[in-house]
Amino acid sequence: MNNEEFEKLKFNFNDTEDLINNSTEFYKLMQNRRTTRDLSNKKIPKEVLYNLIKIASNAPSGANIQPWTFCLVTSDEIKSKIRDEAEKIEKLNYEKWFSEQKKFDLQFTGLDYQKEFLTEAPALIVVFKHKYRIENNESIPNYYPMESVGLAIGMLITAIHYTGLSTIPYTPSPMKFLKKILNRPSNESPVMVLPVAYPKESALVPIITKKKLDEVLVEY
Ligand SMILES: Cc1cc2nc3c(=O)[nH]c(=O)nc-3n(C[C@H](O)[C@H](O)[C@H](O)COP(=O)(O)O)c2cc1C
């Protein structure tokens, strides 16, 4: 190990009481995170959006390759293009492709093919994964790109909620149209669209429950 390539870890060593308080407080905050489809068009400062992307991009990734691009869309024209294409696809999905099981599973969301949030939100963050990278004209596969991007998105969603805003992890299928509209290179593929917005004051969310600790925890 070459010590010259290491630096002192920056870390707050909290005592036990702080650990309990911090985790309890953060749990209380995150318990209120909900996917909110009623988004308002109230403006959000660019600085906030950049901070959110910096937080997401600070996620761990396989061999620190950081196999992601965050496309920040605030242009009304591009948001409209994304919505138009998404609604075309969704309409076909609802009318033709969705299985009865999927329609049943989605019933509680009250969703249909219309995706107003794509034009209503002041910003969309479209996340792309890099399956491989190009070095010296060679394509080199990246390590765990899907897991890495999933972690970055998880941090992004957490940061959006912590900041006081709302989002929807939106996954149109197929989503190739995003690559075309945003003109991304061949090694990138779209993973998710995350509108960033204030919720409407009148926003409603489906009544759902989360699994209890004893349903998800196995202790050894
Ligand atoms: C991978 C993934 C894909 C999702 N895709 C969509 C989607 O395309 N449209 C949508 O309205 N919600 C989508 N959601 C949101 C889920 O419906 C939502 O997270 C779930 O109903 C639980 O609600 P909650 O986020 O309020 O806890 C997606 C969530 C995840 C994690």
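Guide: Helices and strands here are DSSP runs, numbered from the N terminus; a helix (H or I) needs at least four residues, a strand (E) at least two. The model above is predicted.

Visitor: In what pattern do helices and strands follow along the sequence?
Guide: The protein holds eight helices and five strands. Read along the sequence, they give α-α-β-α-α-α-β-β-β-α-α-β-α.

Visitor: What share of the residues is buried?
Guide: A residue is buried if 20 or more other C-beta atoms lie within 10 Å of its own. The protein has 220 residues, and the buried part is 24%.

Visitor: What share of the contacts with a separation of 6 or more joins residues 24 or more positions apart?
Guide: The C-alpha atoms fill a box of roughly 60 × 50 × 40 Å along the principal axes. Among the contacts with a separation of 6 or more, the share from residues 24 or more positions apart is 81%.

Visitor: Is helix α1 in the open or covered?
Guide: Helix α1 covers residues 16-31. The number of buried residues among its 16 is zero, so α1 lies largely in the open.

Visitor: How far apart are the end C-alpha atoms of α1?
Guide: Start with the rise of 1.5 Å a residue. The 16 residues of α1 should then span 22 Å, and the model agrees: the end C-alpha atoms are apart by 22 Å.

Visitor: How many residues of strand β2 are buried?
Guide: Take the two sides in turn. Ala123, Ile125, Val127 and Lys129 point one way, while Leu124, Val126, Phe128 and His130 point the other way. In a regular strand the side chains alternate between the two faces of the sheet. Both sets are buried, and the count for β2 (residues 123-130) is eight of eight.

Visitor: Which strands pair with β2?
Guide: β1 (residues 68-73) pairs with β2 in the antiparallel sense over six bridges, and Trp68 stands opposite Lys129. On another stretch, Leu124 of β2 stands opposite Pro195. That residue belongs to β5, which runs antiparallel to β2 and is joined to β2 by eight bridges. The partners are β1 and β5.

Visitor: Which element gives the most residues to the largest nonpolar core?
Guide: This core has 35 residues, and Leu124, Ile125, Val126, Val127, Leu156 and Val196 have the most contacts inside it. At least two residues each come from α2, β1, α3, α5, β2, α6 and β5. With seven residues, the top giver is α6.

Visitor: Which residues does Ile125 touch, leaving out those up to four places away in sequence?
Guide: Ile125 is buried in β2. It is one of the core residues with the most contacts. It touches Ile53, Phe70, Leu72, Leu156, Leu194 and Val196.

Visitor: Is Thr36 buried or exposed?
Guide: Thr36 sits in the loop between α1 and α2. It has 21 C-beta neighbours inside 10 Å, and the cut-off is 20. Therefore Thr36 counts as buried.

Visitor: How far apart in space are Thr36 and Pro206, C-alpha to C-alpha?
Guide: Beyond four places in sequence, Thr36 is in contact with Ser166, Ile168, Pro199, Ala203 and Val205. Pro206 is 170 residues from Thr36 in sequence. In space, C-alpha to C-alpha, the two are apart by 9.2 Å.

Visitor: Which residues surround the ligand?
Guide: By class, the shell has six nonpolar, three polar and two charged residues. Its members are Arg34, Thr35, Arg37, Thr109, Leu111, Ile168, Pro169, Tyr170, Thr171, Val205 and Ile208.

Visitor: Is Gly154 buried, partly exposed or exposed?
Guide: Gly154 is found in helix α6. It has 13 other C-beta atoms within 10 Å, which means Gly154 is partly exposed.

Visitor: Which residue does a cis peptide bond join to Ser173?
Guide: The omega angle of this bond is about 0°. The partner lies in the loop between α6 and α7. It is Pro174.

Visitor: What is the phi of Gln66?
Guide: Gln66 lies in the loop between α2 and β1. It is partly exposed, with 18 other C-beta atoms within 10 Å. Gln66 is not a glycine, yet its phi is positive, at about 55°.

Visitor: Is Asn137 buried or exposed?
Guide: Asn137 lies in the loop between β3 and β4. It too is not a glycine, and its phi is positive, at about 65°. With 5 C-beta neighbours inside 10 Å, Asn137 counts as exposed.

Methods. Residues numbered from 1 in each chain as written. Predicted model: local features only at pLDDT ≥ 70, side-chain atom pairs only at ≥ 80, totals over all residues. Near = placed C-beta within 6 Å. Nonpolar A, V, L, I, M, F, W, Y, C, P; charged D, E, K, R; others polar. Buried ≥ 20, exposed ≤ 12 C-beta atoms within 10 Å, placed from the backbone. Contact = placed C-beta atoms within 7 Å. Pairing = 2+ DSSP bridges. Core = buried A, V, L, I, M, F, W, Y, C linked by C-beta atoms within 7 Å. Expected span 1.5 Å × (residues − 1).
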